[in-house]
Amino acid sequence: MDDMTRVAILLVKATPELPIVGTASGHAKLLGYDPQALRGMPLSLLCPLRQPDGRTSAETLEGMLAELQQVGSLSQHWSLLTRAGETRPHELHLTLTERDGEPQVAVCLVDISRMEFAEVLNRTKNELLEMVATGQPLQIVLTRLTTLIESQFEGLYSTVLLLDLDGRHVHVGVGPRMPAEYMQALDGVEIGPTVGSCGTAMFDDRLVIVDDIATHPLWTHYRGLALPYGFRACWSSPIHGPDRRVIGSFAMYYREVRRPSPEELAALNTVSHLAGIAIDQERRAEERRRAAQWLEEQVQQRTAELLATQDELVNSRKLAALGQLLAGIAHEMNTPLGNALLSASALRAGSVGFAQRMAHGAPLKRQELTDWVAQTTAGTELVEQNVDRALRLVNRFKQLTEGSGRAVRSRFDLREAVLQAWARVRSHLSVEHVRLACELPDGFMLHGYAEVLQQVLEQLLENACLHAFRNGRSGQIRIGAHRSADDRLTLEVRDDGAGMPAADLARAFEPFFSTTFGQGGNGLGLFVAHSLASGMLGGSLELESRPGEGTVARLELPLRADAALSLAA
């Protein structure tokens, strides 16, 4: 049918039978007929019994002739039959004319099968590209592609085979109408120069047309596989990726010996191209999935390594902090305990000498006895002072380690809590030269950890007394508070003392940092206050200070039902 004309003119008599009296189609055949063979044939014999819309062809032609005699010309979408029995769409353009006084009809036949097929291919292309763009699975895309093409050709069986990444072995893609056993037999086959139509097409990277499987040499080793299923013809085209590398094949099978028509060759080319796009996108997606999986595995591995390193670092820091803490404790405890031990040793030595004199009956003068009593009193006072200092250090260390488990929530007055903290400071420090101005109103009731808040206030007040007013310098400490709109309580402990240089201010909250070692300072007061404020109380503690301008300790605490402090009714 390759030599059939696409446009031809028939001259028919204007009688009900519409017999053909002449043709004009060049040297090509018309619907597979030689032009001379059509003379005298009724036009209805070139038509199927019924048109696609269900009308009978003969009756419709009679109606068209009657209409033509009135209007002179008309056009009609029409189906005609080829000599091989294939129905083809045409456009009929009929014109009423006259020759030798006899009415005739000039019928122009325009074969539009290729145009319609081109539209089908274009719709197929658009649909498949949309499926690929929306990420449809490869199996679904290829099945839809082969199904659409098979619907255009009667008796067509099609397959898509995939070439493995090694470039040698075949894997089954799809074959909707093919026998399952046949497709399974193809899976894993190694391509080569004589491996049927598909294996050869992929190996040689060329279009392979086999019109008779039973006799063609390419099928010598595989005709026993195809012939039992009735397959006689097989045409295969290689499928290429974007880099022109062969990635598969598309094949068309028929159960009769035959060669492809131009439409079938066009379909073979188009489907191979579309399948290449779909396969390439799937492989790219698989590469992205593998890359993402590899990246995730690398992230998990690196995360595990970082966590292990972090644990080691934390343990190292814990050991270092523990070492620093133990060193600080040893240093701080060594001084008061050493002084107490020295005083006790001196008292013991004096007691031994005094006892020996009494044992030998040596006379004792009043002055000697008076001196001994004075030495004993001074020694015991020194022991008491140093033991008290050691006990206060131990209490500071306990404050660092005790959690909220031992703290009790209670309802308390903020002003009273401040005054109690100040009373504790005055009980163990000589601060007659320092005045406290509590600017808090009476009846400011809170509910929470009163004892913890008092500890923080006590540390701040003690720190001011020891560092802001050295050497008996007099001054004043003012404590005020205000509540912000976002339910936060701000307490300010403000002194008018010596102030702090920037270097000391930057290290004020470091453990064991003190500018008065050996003078009663141990470097834990502000560290304890900061730890309790940010830990148990859930707030913050900041310092503002300049030399000669005093210091402000600003304690900010949340006032919520779920916080350490809340407003009491």
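**Figure 1. Helix α1 lies across three strands in this predicted model.** Start with α1, residues 57–71, which lies across β3, β4 and β5. Strand β4 covers residues 87–99 and β5 covers 102–111. Compare the direction of the helix with that of β3: the two run at about 160 degrees to each other.

**Figure 2. Five antiparallel strands form the open sheet that includes β3, β4 and β5.** Reading across the sheet, the strand order is β2-β1-β5-β4-β3. Which strands stand at the edges? They are β2 (20–24) and β3 (73–81); each has a single partner strand, so one side of each is left without a neighbour in the sheet. Neighbouring strands are turned by 30 degrees against each other on average, with direction ignored.

**Figure 3. Strand β1 pairs with the edge strand β2.** Here β1, residues 7–13, runs antiparallel to β2, and four bridges join the two strands. If you would like a residue pair to orient yourself, take L11, which stands opposite G22 in β2.

**Figure 4. Helices α2 and α3 pack against each other.** Helix α2 takes in residues 113–133 and helix α3 residues 138–150. Their axes come within 10 Å and cross at roughly 170 degrees, which makes α2 roughly antiparallel to α3. On the α2 side, the contact is made by L121, T124, E127, L128, M131 and V132. Facing them in α3 are I140, V141, R144, L145, L148 and I149. How do the residues of this contact divide by class? Nine are nonpolar, one is polar and two are charged.

**Figure 5. A second open sheet has five strands with mixed pairing.** Its order is β12-β14-β15-β17-β16. The edge positions belong to β12 (434–438) and β16 (540–545); because each has a single partner strand, one side of each is left without a neighbour in the sheet. On average, neighbouring strands in this sheet are turned by 15 degrees against each other, direction ignored. Within the sheet, seven bridges join β14 (residues 475–483) to β15 (residues 488–495), and these two strands run antiparallel. A handy pair to look for is I479, which stands opposite V493 in β15.

**Figure 6. Helices α10 and α12 both pack on the second sheet.** Helix α10 touches β12, β14, β15, β16 and β17 (551–558). The direction of α10 makes about 20 degrees with that of β15. Helix α12 touches β16 and β17, and its direction makes about 140 degrees with that of β16.

**Figure 7. Helices α10 and α12 also meet each other.** The axes of α10 (residues 450–468) and α12 (residues 525–534) come within 9 Å and cross at roughly 150 degrees, which makes α10 roughly antiparallel to α12. The crossing is left-handed. From α10, the contact residues are V452, Q455, V456, Q459, L460 and N463. From α12, they are G525, L526, V528, A529, L532 and A533. Sorted by class, the contact holds eight nonpolar residues, four polar ones and no charged ones.

**Figure 8. Helix α9 crosses α10 obliquely.** The axes of α9 (residues 414–428) and α10 come within 8 Å and cross at roughly 50 degrees, which makes α9 oblique to α10. This crossing is right-handed. In α9, the residues that meet α10 are L414, A417, V418, Q420, A421, W422, R424, V425 and H428. Their counterparts in α10 are E451, L453, Q454, L457, E458, L461, E462 and C465. The contact of α9 with α10 divides into 10 nonpolar, three polar and four charged residues.

**Figure 9. Confidence varies along the predicted chain.** The mean pLDDT of the protein is 85, and 89% of its residues reach 70 or more. Where is confidence lowest, and where is it highest? Helix α8, residues 366–401, has the lowest confidence, at a mean of 74. Strand β8, residues 208–210, has the highest, at 97.

Technical notes
Residues are numbered from 1 along each chain as its sequence is written. This is a predicted model: local features need pLDDT of at least 70, side-chain atom pairs count only at pLDDT 80 or more; totals for chains, interfaces and linings use all residues. Side-chain values use heavy atoms; hydrogens and water are left out. Axes are lines fitted to C-alpha atoms, for helices over the stretch in contact, and angles run from 0 to 180 degrees between N-to-C directions. Angles under 35 degrees count as roughly parallel, over 145 as roughly antiparallel, 65 to 115 as roughly perpendicular and the rest as oblique. A crossing is left-handed if the near helix is turned anticlockwise from the far one by less than a right angle, and right-handed if clockwise. Contact means heavy atoms within 4.5 Å. Ala, Val, Leu, Ile, Met, Phe, Trp, Tyr, Cys and Pro count as nonpolar, Asp, Glu, Lys and Arg as charged, and the others, Gly among them, as polar. Two strands pair if DSSP finds at least two bridges between them. pLDDT is the predictor's confidence in each residue, from 0 to 100.
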